[in-house]
Amino acid sequence: MSSKDLHGEVFYPSEEVVKNANVPDWDALQKEAGEDYEKFWGKRAEELHWFKKWDKVLDDSDKPFYKWFTGGKTNIAYNCLDVHVKTHRRNKLALIWEGENGDMRMLSYYRLHRETCKFANVLRSLGVSKGDRVTIYMGRTPEIVMAMLACARIGAIHSVVYGGFSVEALHERIEDSKSKVLIVSDGAYLRGKIVPLKQIADEALKRAGGIEHVLVVKRTGQDINMEDGRDLWLHELMALPIATQNCALEITDAEDPLFMLYTSGTTGKPKAILHTHGGYMVGTYTTLKYVFDIKEEDRYWCAADPGWITGHSYIVYGPLLNGATSFMYEGAPTHPYPNRWWNLVEKYGINILYTAPTAIRGLMRFGDAWVNRHDLSSLRLLGSVGEPINPEAWKWYYKVVGNEKCPIMDTWWQTETGMFMITPMPSVPLKPGSGTKPFPGIEMDIFDENGNPVKDNEEGYLVIKTPWPAMIRTIYNDPDRYVEQYWKKYPGVYMTGDSAKRDEDGYIWVIGRVDDVIKVSGYRLGTAEIESALVSHPSVAEAAAIGLPHEVKGNAIYTYVILKQGVEPTEELKETLKNHVGHEVGPIAKPQQIKFVDSLPKTRSGKIMRRVLKAKELGVDPGNLSTLDES
């Protein structure tokens with residue numbers, strides 16, 4: 001059911017959705033959290049297992065280095081597996097996996113626990129102990145989940161590098177983390193080809209010192225180099241007596257490091273975001289439970305990669321903490337045909353699908369027929385993550401994929417936040433393009449340059465005013481950079497780096513990175529807004545917008561457009577699209593230039609790298625390209 005407001009259509013949940021939701025009354029939960037957010041988070045933490053309860057929910061004595069659940073003793077891997085093995089979930093499926101080549105595996109909580117314990121014992125036999133760093137460089141297979149949990153179980157700190165990064169990106173991350181063990185797949189299947197992960201790792205290790213052992217996971221079986229004394233096959237070690245299924249657990253402090261995950265800046269070396277066992281556990285558990293309304297019988301599919309924060313929080317830790325059944329797919333969404341995802345949803349009876357706008361737009365490009373040939377009636381919830389979703393893609397996702405019955409959980413958060421920060425829940429009205437409101441217990445605002453809150457519908461800097469459990473603790477080995485980057489602009493307030501506005505209902509509309517805002521003749525225009533206008537035209541599949549210097553306007557808008565299949569690029573169409581943007585956004589937003597292209601530079605997580613387009617136009621160095629997807 002939908003109706004109109006000033007920002008377009010509003011979609012209301014059905015009575016059945018509200019009645020069955022884990023949080024039927026958003027306002028009541030907001031009120032509880034608003035009255036005492038420490039008590040609110042403490043109550044959620046009590047739903048998890050602690051070997052020793054915390055002394056204090058929040059320690060803010062050393063701002064901005066906040067600590068959560070201080071004095072508490074726990075272990076996130078214990079909460080993900082051991083807790084469930086002792087209940088009715090022992091034989092419940094934890095993970096269903098399908099390879100791009102059609103291979104299948106199903107792991108119960110009991111089996112995933114057993115394999116994780118054996119994996120942890122292998123790591124211990126290689127000298128890995130509490131506090132040691134382990135780099136993981138793999139494709140999307142069950143072993144990446146086991147590797148992360150095995151590290152957590154013994155108190156080691158995992159550093160997952162997305163299994164498609166370049167030699168230099170892997171080398172930088174190994175070097176910076178000072179890892180002693182690298183876990184790598186021999187290869188991975190993607191778009192019908194083998195990604196040579198071990199070969200890339202060998203090249204990276206020629207430049208990086210410190211790695212004592214390389215643990216190799218057999219996936220593709222192609223010939224690879226195995227260096228004597230350094231490289232070891234995981235399956236061979238898992239078959240030895242050292243790899244028993246009983247593995248002594250490392251009881252960790254709530255503030256013990258769990259993992260580091262690198263995010264790239266436009267220049268300079270990547271920064272390692274550090275997360276810890278206790279607060280991260282509480283944040284991911286709670287947000288997934290409420291936002292995706294996890295039920296005992298659900299089959300949940302987060303179609304991200306474990307190498308990104310979305311994969312850490314909502315493929316590995318969040319679902320397992322909730323005792324959910326997750327689905328994981330190894331390959332590309334369009335291989336061998338554009339219906340691969342829809343076939344998987346139908347085949348496995350997926351109830352919840354969580355993916356990125358770039359994937360939605362990419363699949364939307366092929367039209368409705370590929371979707372409509374499949375029975376997607378098992379779906380009850382959809383989700384979006386990674387960047388603001390344009391309303392046109394939102395509506396296609398809702399109407400064609402969800403058959404107008406699946407609320408879309410459009411989530412905004414970051415590697416640094418660890419968990420959802422702006423998000424709806426199934427029981428609240430939805431506005432296409434808005435992530436709705438901050439999660440209960442999170443206080444956010446939109447500031448002007450001087451730190452004053454802006455008025456409704458005015459753009460400004462998106463900030464977070466209160467600490468939250470899953471928050472970044474520091475940048476690994478660089479606390480000064482942590483303070484400088486996130487806390488300096490507005491002292492005591494976390495700077496997200498994003499631009500946003502808030503409407504009269506308190507709904508937040510994230511526009512994009514601050515450096516993705518174009519100022520034309522004194523007006524601030526979000527690249528997402530211009531791109532959404534272009535994509536709303538029936539000829540356009542994807543679009544990117546940048547600002548380039550202009551003598552009169554300050555900046556002029558340049559856009560890059562991928563047309564839908566069968567649409568011819570003409571000069572007449574360029575003029576039509578310019579006028580369409582002028583009509584949708586306003587005359588000030590009309591692009592100076594439109595270029596028709598076959599592809600756009602993106603990170604491997606699917607975000608458009610606008611700075612690469614800008615650098616090319618200006619003839620300057622584009623900076624660090626280690627995250628560029630060249631496939």
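User: How many helices and strands are in the chain?
Analyst: The chain has 19 helices and 34 strands. Keep in mind that this is a predicted model.

User: What does the C-alpha trace span along its principal axes?
Analyst: The C-alpha trace spans about 70 × 55 × 50 Å.

User: And how does the radius of gyration sit against a compact globule?
Analyst: The two agree. A compact globule of 631 residues would be near 25 Å, and the chain has 24 Å.

User: What share of the residues counts as buried?
Analyst: Of the 631 residues, 62% count as buried.

User: What about contacts between residues far apart in the sequence?
Analyst: Take the contacts with a separation of 6 or more. Residues 24 or more positions apart account for 70% of them.

User: Let's go inside. How many residues are in the largest nonpolar core?
Analyst: That core holds 146 residues. The members that touch the most others are Phe119, Leu123, Leu149, Ile183, Phe292, Trp301 and Tyr317.

User: Which helix gives the most to this core?
Analyst: Helix H6 does, with 9 residues.

User: Pick Phe119. What does phenylalanine 119 touch?
Analyst: Leave out residues up to four places away in sequence. Phenylalanine 119 then touches Glu143, Met146, Ala147, Ala150, Ile183, Leu215, Leu234 and Met238. Ile183 is itself on the list of core members with the most contacts to other members.

User: What about a second core?
Analyst: There is a separate one of 23 residues. Its members include Tyr162, Leu182, Leu197 and Ala208. As background, nonpolar side chains tend to be buried together in soluble globular proteins.

User: Back to H6. How do the axes of H6 and H11 cross?
Analyst: H6 covers residues 142-153 and H11 covers residues 309-321. Their axes come within 11 Å and cross at roughly 65°. The crossing is right-handed.

User: Which residues meet there?
Analyst: From H6, Val145, Met148, Leu149 and Ala152. From H11, His312, Val316, Tyr317 and Leu320. By class, that contact has 7 nonpolar, 1 polar and no charged residues. Leu149 and Tyr317 also appear among the core residues that touch the most other members.

User: Why do residues three or four places apart point the same way in an α-helix?
Analyst: An α-helix has 3.6 residues a turn, so residues with that spacing point the same way.

User: New helix. Which residues of H15 are buried?
Analyst: H15 runs over residues 391-401. Its buried residues are Ala393, Trp394, Trp396, Tyr397, Tyr398, Val400 and Val401.

User: What comes just after H15?
Analyst: Asparagine 403, which takes a positive phi of about 55°.

User: Where else is phi positive in a residue other than glycine?
Analyst: Arginine 191 has a phi near 55°. Arginine 191 is in the loop between strand S11 (188-190) and strand S12 (193-195). Asparagine 477 also has a positive phi, about 65°. Asparagine 477 lies in the loop between strand S27 (474-475) and helix H16 (479-486).

User: Why is arginine 191 called partly exposed? And asparagine 477, buried or exposed?
Analyst: Arginine 191 has a relative accessible area of 42%, and partly exposed runs from 20% to 50%. Asparagine 477 is exposed, because its relative accessible area is 58% and the exposed class is over 50%.

User: Prolines next. Which peptide bonds are cis?
Analyst: Among them is the bond from lysine 63 to proline 64, with omega near 0°. Proline 64 lies in the loop between strand S3 (56-59) and strand S4 (67-70). Another is the bond from histidine 335 to proline 336, also with omega near 0°. Proline 336 is in the loop between strand S19 (325-329) and helix H12 (340-348).

User: Now aspartate 253. Where is it, and is it buried or exposed?
Analyst: Aspartate 253 is in strand S15, residues 252-253. Aspartate 253 counts as buried because its relative accessibility is 18%, and the cut-off is under 20%.

User: What is aspartate 253 in contact with?
Analyst: Neighbours within four places aside, the contacts are Gly71, Gly72, Lys73 and His277.

User: How far is aspartate 253 from proline 469?
Analyst: They are 216 residues apart along the chain. Their C-alpha atoms are separated by 14 Å.

User: Last one: isoleucine 518. Where does it lie?
Analyst: Isoleucine 518 lies in strand S30, residues 517-520. Isoleucine 518 is buried, with a relative accessible area of 4%. From aspartate 448, isoleucine 518 is 70 residues away in sequence and 16 Å away in space, C-alpha to C-alpha.

Methods: Residues numbered from 1 in each chain as written. Predicted model: local features only at pLDDT ≥ 70, side-chain atom pairs only at ≥ 80, totals over all residues. Heavy atoms only, no water. Buried < 20%, exposed > 50% of the residue type's maximum accessible area, 1.4 Å probe, protein only. Helix = DSSP H or I, 4+ residues; strand = E, 2+ residues; numbered from the N terminus. Axes fitted to C-alpha atoms, helices over the stretch in contact; angles between N-to-C directions. Left-handed = near helix turned anticlockwise from the far one by under 90°. Contact = heavy atoms within 4.5 Å. Nonpolar A, V, L, I, M, F, W, Y, C, P; charged D, E, K, R; others polar. Core = buried A, V, L, I, M, F, W, Y, C linked by side-chain atoms within 4.5 Å. Rg over C-alpha atoms; globule rule 2.2 N^0.38 Å.
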